[in-house]
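Let's take a walk through the charged pairs in this one. Have the model open and follow along from residue to residue.

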Amino acid sequence: MPKQPLADQPDVQPGTRAAGIAIALATIISTVFVALDESGGGQGQLAILQSIAQLAALKATVHGVAIASICAYAFGYSALTRRLSLRRPAVLAGLAAYLLGCVALVGATIVDGFVIPHLAADAIVGSPTRLQVGYELVHAAGIALTDAAKIGWLLQAAGALAWAGVLMGEGGFARVIGIVGAVANLAVAAAVLSAGVNMTMTAILTILLAQLVWNVAAALWLVRTPRAQSAASFSSARMIGSVGA
């Protein structure tokens, strides 16, 4: 009996429609809430920290949604790897990299949405010394969250590139999705690697747009019924019909 390809084996062809919908919804919702986010500003340490503290509720909401979206992406792309088959080393390695990237991004999101506003709120009601220390802590936390976000984006891009390589080897619609994934995630990596300590708005927008394109493409592939699965269902229906006859 000829060996069945990994992609055609029943145990690696679970339904992925829910995963695709999860990725699509997370992309739409997170994009809307990112657009609602604001940054503090002002002249002098006190004014800057006060503006950050005043945004605490908004920051918590926006970044709470961001964390939920990251969890949805982790679920959705885990389903994608099952469909590609975790028996493939590139797929499994890509999943490990992507999930580590999710952890790094959750850390950056917690710092940006919760830690920094709380540091600012605490500093503005204290002594001048505490104000100075709080301002320096906020500055340091900003650098740390940027580094964590960069690491997260790079790890996610590395994982997605591994999957894109597998998809390009599948042919048909999967190959198109793989090409889109490769281009989009190479753009993410290039934007991150070319950015300095403080990322420019151009770099951030490039990353967000490239990730949006990849997420939509992956969601489209996941909501499509695998051909192998459809063929298996058709064969099962014919078998049942023959028995009934």
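Start with Lys59, which is buried, with a relative accessibility of just 8%. Bear in mind that this is a predicted model. Why call Lys59 buried? Because the cut-off for buried is under 20% relative accessible area, and Lys59 comes in at 8%.

So what does Lys59 pair with? Its side chain meets that of Asp37 in a salt bridge, with 3.4 Å from N to O. Asp37 sits in the loop between helix H1 (17-36) and helix H2 (45-54), while Lys59 belongs to helix H3 (residues 56-84), so this contact ties together parts that are 22 residues apart in sequence. Unlike its buried partner, Asp37 is partly exposed, at 27% relative accessible area.

That pair has company: the structure holds 3 salt bridges. As a general point, side chains of opposite charge can pair when their charged atoms come close.

Next, look at Glu170, which forms a salt bridge with Arg88; here the closest N and O atoms are 3.0 Å apart. This one links distant parts of the chain, 82 residues apart: Glu170 is in the loop between helix H5 (128-168) and helix H6 (172-194), and Arg88 is in the loop between H3 and helix H4 (89-123). Glu170 is partly exposed, with a relative accessible area of 31%.

Last stop: Arg130 and Asp122, whose side chains meet in a salt bridge at 3.6 Å, N to O. Arg130 is partly exposed at 37% relative accessible area, and Asp122 also counts as partly exposed, at 42%.

Methods:
Residues are numbered from 1 along each chain as its sequence is written. This is a predicted model: local features need pLDDT of at least 70, side-chain atom pairs count only at pLDDT 80 or more; totals for chains, interfaces and linings use all residues. Side-chain values use heavy atoms; hydrogens and water are left out. A salt bridge is a side-chain nitrogen of Lys or Arg within 4 Å of a carboxyl oxygen of Asp or Glu. Helices (H or I, at least four residues) and strands (E, at least two) are DSSP runs, numbered from the N terminus. Buried means under 20% relative accessible area, exposed over 50%, partly exposed in between (1.4 Å probe, protein chains only).
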